[in-house]
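Here are my notes for you to read with the structure open beside them. Take the points one at a time and find each residue as you go.

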Amino acid sequence: MDILEIIAKKRDKQELNKEEIDFFIERYTKGEIADYQAASLVMAIFINGMNAREITDLTLAMANSGEILDLSKLNHIIVDKHSTGGVGDKVSLVLLPLVASLGVPVAKMSGRGLGFTGGTVDKLESIPGYQTNIDTKQFLQNVEKIGISMISQTMNLAPADKKIYALRDSIACVESIPLIASSIMSKKIASGAEKIVLDVTYRKRCFYEK
């Protein structure tokens, strides 16, 4: 299998099979595929899209590119939440501590901002003394002891997504539904939450008659 063949397939609007997607994610995570080749494939996906099966395979490949946390030993239903965000979005900072205060443990791994938006991690790091870059052991301890932990993406949780996430931002490929969906859900799968709420922001257009 060759990365050039995979790039060419998606360039030509063909479907990638599971083996090709797994090959790309595994080799790119290990550094065996160059950033410029990954950028070519990401751009081809941005332009030509992916079907539901491809998105599922990409999501699972990225989730399995590193460690997947097992939170069952905490003996609680662990929840998480994702927001599509927007300018000034601060839902997680308010909602999740409230949920945790009601006795529902929260385990959240968040991303940084893409494009012009600020991510939850960027906001958390503006709090003096708040550490977002902790290891998985401390992450689990925080959930167990205080009922909530909100951290940045670690190297051993969905590392493929971390690389592709940064790559998308640097090559103007942020606004791609297949890449957005696989990025979000790979992190959620890897971080081990059992229940996930998706907060999807939308704009209502108003029309006025003169």
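**Notes on the predicted model**

1. Before anything else, remember that this is a predicted model. Keep that in mind through every point below.

2. Let's begin with the inside. The largest nonpolar core has 25 residues, and Phe24, Ile25 and Leu41 are the ones that touch the most other members. At least two residues of this core come from each of these helices: H1 (3–11), H2 (18–29), H3 (35–48), H4 (52–63) and H8 (159–170). As background, nonpolar side chains in soluble globular proteins tend to be buried together.

3. Now zoom in on Phe24. Which residues does Phe24 touch, once those up to four places away in sequence are set aside? They are Ile3, Ile33, Ala38, Leu41 and Ile164. There is also a second, separate core, made of 14 residues, with Leu69, Phe139, Ile151 and Ala158 among them.

4. Next, look for empty space. The count is 1 cavity of 30 Å³ or more, and the largest cavity holds about 30 Å³ of space. Its lining consists of Leu16, Ile21, Phe24, Leu41, Ile45, Met50 and Leu58. Helices H2 and H3 each give at least two residues to that lining. You've met Phe24 and Leu41 already: they are among the residues that touch the most other members of the largest core.

5. Asn17 deserves a stop. You'll find Asn17 in the loop between H1 and H2. Is Asn17 buried, exposed or partly exposed? Its relative accessible area is 30%, so Asn17 counts as partly exposed; the buried class ends at 20% and the exposed class starts over 50%. A polar atom of the Asn17 side chain lies 3.1 Å from the backbone nitrogen of Glu19. Leaving out residues up to four places away in sequence, Asn17 touches Lys9 and Arg53. Try Glu54 too: Asn17 and Glu54 are 37 residues apart in sequence, yet their C-alpha atoms are 7.1 Å apart in space.

6. Two residues have a backbone angle worth checking. Lys13 is not a glycine, but its phi is positive, near 65°. Lys13 lies in the loop between H1 and H2, and it counts as exposed because its relative accessibility is 66%. Ala172 is not a glycine either, and it has a positive phi of about 60°. Ala172 sits in the loop between H8 and helix H9 (177–191), and with a relative accessible area of 58% Ala172 is exposed.

7. On to the strands. How many of the 5 residues of strand E2 (residues 106–110) are buried? The count is 5 of 5. In a regular strand, side chains alternate between the two faces of the sheet. In E2 both faces are covered: Val106, Lys108 and Ser110 are buried on one side, and Ala107 and Met109 are buried on the other. E2 pairs with strand E3 (residues 148–152) in the parallel sense, over 5 bridges. One of the partners to look for is Ser152 in E3, which is bridged to Ser110.

8. Finish with Thr120, which lies in helix H6 (residues 120–124). Why does Thr120 count as buried? Because its relative accessible area is 14%, while buried means under 20%. Apart from neighbours within four places in sequence, Thr120 is in contact with Ser92, Leu93, Ser110, Gly111 and Met150. Ser110 is a residue you've just seen in E2, where it is buried.

Definitions and conventions
Residues numbered from 1 in each chain as written. Predicted model: local features only at pLDDT ≥ 70, side-chain atom pairs only at ≥ 80, totals over all residues. Heavy atoms only, no water. Core = buried A, V, L, I, M, F, W, Y, C linked by side-chain atoms within 4.5 Å. Buried < 20%, exposed > 50% of the residue type's maximum accessible area, 1.4 Å probe, protein only. Helix = DSSP H or I, 4+ residues; strand = E, 2+ residues; numbered from the N terminus. Contact = heavy atoms within 4.5 Å. Polar contact = N/O pair within 3.5 Å; in protein donor to acceptor, adjacent residues only side chain to side chain. Pairing = 2+ DSSP bridges. 1 Å grid on protein atoms, 1.4 Å probe; cavity = no way out; pocket = protein on both sides within 12 Å on 5 of 7 lines; lining within 4 Å. Points joined across faces, edges and corners; volume = space filled by probe spheres on them.
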